[in-house]
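Thanks for making time this morning; I would like to go through one model with you, beginning with its surface and then turning to its fold and to a single loop residue.

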Amino acid sequence: QVQLVESGGGLVQAGGSLRLSCEASGSISTINAMGWYRQAPGKQRELVARITGGGSTNYADSVKGRFTISRVNAKNTVYLQMNSLNVEDTAVYYCAAARSLLLLLRKPGYWGQGTQVTVSS
């Protein structure tokens, strides 16, 4: 089993920045891909950023150039740096982990509890 604990959400004005953290514990050696999903009210959950065990990253078009995913292996932590936030970024952000990239895209096996990000105009 893998446990994911997120932190760093909050309220920020448009144009501002936030950094989300996701600390993993448990059987982390089984994890080969991690990412950040978000879900806004009335919308489907979407994957906004991902990072593989090899360090490859990928972003949704809506956040490309503004968000950066990174990890610190020594801390078992993945970060999401969010810059130039706008009101459309308002959502609950979830950290996810999976045994493979394919599973991360289709059905991650592990989820964090979610953290609210609210961007005011």
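**Surface, fold and one loop residue**

The protein chain has an accessible surface of about 6,300 Å², and 47% of that belongs to carbon and sulfur atoms, the areas coming from the Shrake-Rupley method with a 1.4 Å probe. Please keep in mind that this is a predicted model, in which local features need pLDDT of at least 70, side-chain atom pairs count only at pLDDT 80 or more, and totals for chains, interfaces and linings use all residues. Residues are numbered from 1 along each chain as its sequence is written, and side-chain values use heavy atoms, with hydrogens and water left out.

Turning to the fold, the protein chain holds 1 helix and 11 strands, which are DSSP runs numbered from the N terminus (helices H or I, at least four residues; strands E, at least two). Read from the N terminus, their order is β-β-β-β-β-β-β-β-β-α-β-β. The radius of gyration, taken over C-alpha atoms, is 13 Å, close to the 14 Å that the globule rule gives for 121 residues, so the protein chain is as compact as a globular protein of that length; the rule is 2.2 Å times the number of residues to the power 0.38.

Of the 121 residues, 43% are buried, where buried means under 20% relative accessible area, exposed over 50%, and partly exposed in between (1.4 Å probe, protein chains only).

Finally, Q44 sits in the loop between β4 (33–39) and β5 (46–52), and this residue is exposed, with a relative accessible area of 71%. Beyond its neighbours within four places in sequence, Q44 is in contact (heavy atoms within 4.5 Å) with R38 and Q39.
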